[in-house]
Amino acid sequence: MAESPLLSQLKSPDEIRSFSSEQMLALAEEIRQTMIDTVSVTGGHLASNLGIIELTLALHRVFNLREDRLLFDVGHQCYPHKLLTGRFEKFSTLRQKDGITGFPNPRESDYDPLICGHASTSISSAVGYATAFRLQSLPHQAIAVVGDGAIGGGMCFEALNHAGHSGENVLVILNDNDMAISETVGAFSTYLTDLRANPMTQRVREEMMKLWEKLPLLGSSLAWLQEHLLDALKGVIESSQIFNALGFNYFGPIDGHDIGALERELQNLKMINAPKILHIVTSKGNGFYAAAKDPETYHSAVPFQINGSGEVVARPSSGKSYTETFVDALQECAKADEKVVAITAAMPSGTGIKTFAENFPGRFFDVGICEAHSVTFAGGLAKAGMKPILAIYSTFMQRGYDQIFHDVAIQPDTNVVFMLDRAGLVGADGPTHHGVFDIAFLRHIPEMTLMSPRDGRELCAMLKFALTCKGPVAIRYPRGNVHDGELPQDNPEKIEYAKSEWLKKGTDLTLVAYGRMCAAAMQAAELLIKDGISIGVANARFAKPLDEEMLKIAANTGSVVTIEDHVLAGGFGSAVSEFYSDNNIQCTLKRIGLPDKFIEHASPAQLDEIYGLTPEAIAAAAKSVLSKAVTQ
Ligand SMILES: Cc1ncc(C[n+]2csc(CCOP(=O)(O)OP(=O)(O)O)c2C)c(N)n1
């Protein structure tokens with residue numbers, strides 16, 4: 001680990017206001033090196049953080065961010081901010097169990113206003129803060145830092161529209177690096193590219209710089225600014241029509257790696273009591289050649305090694321992931337039926353759809369970070385005769401709830417297939433990213449079919465089956481590698497509507513597992529069998545509709561344990577409990593799943609341990625159910 005003499009001595013970010021420009025450059029370098037060293041061990045969002053060091057330093061020089069509120073969009077670019085605000089000593093624990101989180105966290109520091117992790121929320125939050133400051137006559141500044149990817153999300157436009165109309169004193173910093181995780185897509189992104197290249201913008205920028213320079217001589221009173229400067233600028237800034245039309249005063253684009261220029265601009269913007277947007281141009285992965293060359297891979301980097309000659313060596317991955325398995329199946333389906341099309345909301349690599357896009361370019365749609373739109377778009381495609389498959393992380397599906405209800409499920413015979421990747425516990429990204437609510441928020445929507453595979457082969461079979469259904473289908477599957485080989489391979493290709501699969505028959509108790517929990521249930525059964533207990537194991541396959549026949553047979557054993565990596569409230573076990581209760585079926589039911597709390601960050605294996613999802617914990621729970629059943 002490199003030495004960090006400045007960072008290690010820093011007691012408060014206020015101290016950097018008196019740093020010389022040489023010290024600021026040295027501090028930026030220490031931050032860069034600390035992040036590279038740490039993320040090479042822990043993994044994390046490296047490229048975006050490397051691109052935002054200078055802006056973060058300038059913001060801390062100009063604002064008092066304990067009172068002025070800095071709202072990062074998504075929050076994945078908060079590492080330099082963490083290093084400056086008391087978390088340098090703990091930085092090596094980044095994203096580790098009991099360590100500091102990878103996203104802003106008010107429980108860690110007063111400098112973090114909100115927990116976040118999902119995109120396109122920062123401007124709305126900032127408008128809320130700005131309005132509250134005005135209502136309480138507080139002089140603080142609300143600042144949203146949003147990327148060119150996230151600003152394409154609908155909520156950002158809603159917030160700009162609101163703030164531009166209400167005139168709240170919100171500062172939006174558009175961090176434009178021309179990348180989301182992959183390349184930023186969409187017409188708005190093209191507009192930003194034009195804005196960066198437009199000679200008119202450059203001229204306006206020069207004019208603006210002259211005005212700023214004169215400002216101290218003219219007297220920098222707010223009244224003067226309001227009356228003269230803004231009107232003058234509005235008149236000339238033709239090139240930034242969109243922001244101006246939305247009621248924002250647009251400034252930029254400026255070099256987002258020039259601390260001095262950023263600082264000057266921010267100092268002056270501080271004096272404008274109106275909606276304002278500063279457009280900065282940065283380079284993702286700046287200062288670390290591997291990340292700058294391949295910002296997509298280093299967006300959310302897995303641990304890597306830097307060898308003796310300074311080269312970066314990726315740690316080899318082993319096994320086949322659920323995501324890769326899904327894409328293979330998707331391509332098979334697409335070959336067989338030309339109506340099959342695939343959609344992603346800005347996650348072509350994460351969902352694996354990128355591979356599909358290479359082979360089926362005309363049948364792939366990246367709609368940007370616009371999950372709500374992606375659902376309604378899929379609904380339109382389905383109604384007009386196509387077979388849309390929307391690959392999306394479970395946690396981001398939450399953004400499309402009403403659209404599933406209103407634009408898909410309620411429409412007669414609308415077969416959209418939702419492939420919910422990263423369902424369950426995702427690990428180091430923590431509470432904003434665990435996909436543990438999808439069964440609950442989809443189960444009560446009429447017409448929905450919900451499935452989850454026990455392994456890779458079943459995932460393929462379920463996708464094929466889903467395309468034959470009439471209405472919407474959601475298939476949830478976990479992060480990580482498939483479990484193929486661990487489970488009996490009877491006939492997973494044969495999926496029948498609302499039919500489960502018996503993995504093992506038994507007479508004392510039945511484990512009914514959903515999705516990836518089948519593997520743990522089978523291992524738990526092996527442990528129980530060693531103790532002379534006769535255990536049945538069912539792979540539920542469907543959370544909606546349930547396999548009622550299987551559940552009746554399970555109840556006949558007297559004790560049933562449901563297992564899911566999802567919250568208990570409203571999940572698979574709840575559905576089973578409702579079925580038994582509604583049909584007056586007597587048995588002892590124990591539901592294993594996640595408690596009613598936001599689940600912290602840790603490795604998936606550690607979380608399984610903590611929340612009782614290991615084979616040992618399942619076996620222990622089953623034993624306690626049996627002992628209660630005996631004493632009753
Ligand atoms: C609602 C939602 N969808 C998707 C994501 C996944 N995601 C995290 S960061 C990111 C890209 C953000 O791009 P940009 O705003 O340009 O920031 P940059 O990383 O380029 O600085 C995406 C798609 C998310 N966090 N939230």
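This short talk covers one helix pair, one cavity and one pocket in a predicted model.

I will start with the helix pair. Helix α6 spans residues 122–135, and helix α7 spans residues 154–166. Their axes come within 7 Å and cross at roughly 30°. Angles under 35 degrees count as roughly parallel, so α6 is roughly parallel to α7. The crossing of the two helices is left-handed.

Which residues of α6 and α7 meet? From α6 there are Ile123, Ser124 and Val127. From α7 there are Met155, Cys156, Ala159, Leu160, His162 and Ala163. By class, this contact has 7 nonpolar residues, 2 polar ones and no charged ones.

Next, the cavities. The count comes to 4 cavities of 30 Å³ or more. The largest cavity has a volume of about 40 Å³. Where does its lining come from? Helix α19 (438–443), strand β12 (449–451) and strand β13 (473–476) each supply at least two residues. The largest share, 3 residues, comes from α19. Among the lining residues are Leu450 and Met451, as well as Ala474 and Arg476. Tyr514 is also in the lining. The classes here are 7 nonpolar, no polar and 2 charged.

Last, a pocket. The second largest pocket has a volume of about 710 Å³. It is lined by 29 residues, and the closest to its centre are Thr101, Asn105, Arg107, Ile115 and Pro431. This lining divides into 8 nonpolar, 14 polar and 7 charged residues.

To put the two linings side by side: the largest cavity has no polar residues in its lining, whereas the second largest pocket has 14.

Notes. Residues are numbered from 1 along each chain as its sequence is written. This is a predicted model: local features need pLDDT of at least 70, side-chain atom pairs count only at pLDDT 80 or more; totals for chains, interfaces and linings use all residues. Side-chain values use heavy atoms; hydrogens and water are left out. On a 1 Å grid over the protein atoms alone, a cavity is a set of points where a 1.4 Å probe fits but cannot get out, and a pocket is an open set with protein on both sides within 12 Å along at least five of seven lines; lining residues have an atom within 4 Å of a point. Grid points are joined across faces, edges and corners, and a volume is the space filled by probe spheres set on the points. Ala, Val, Leu, Ile, Met, Phe, Trp, Tyr, Cys and Pro count as nonpolar, Asp, Glu, Lys and Arg as charged, and the others, Gly among them, as polar. Axes are lines fitted to C-alpha atoms, for helices over the stretch in contact, and angles run from 0 to 180 degrees between N-to-C directions. Helices (H or I, at least four residues) and strands (E, at least two) are DSSP runs, numbered from the N terminus. Angles under 35 degrees count as roughly parallel, over 145 as roughly antiparallel, 65 to 115 as roughly perpendicular and the rest as oblique. A crossing is left-handed if the near helix is turned anticlockwise from the far one by less than a right angle, and right-handed if clockwise. Contact means heavy atoms within 4.5 Å.
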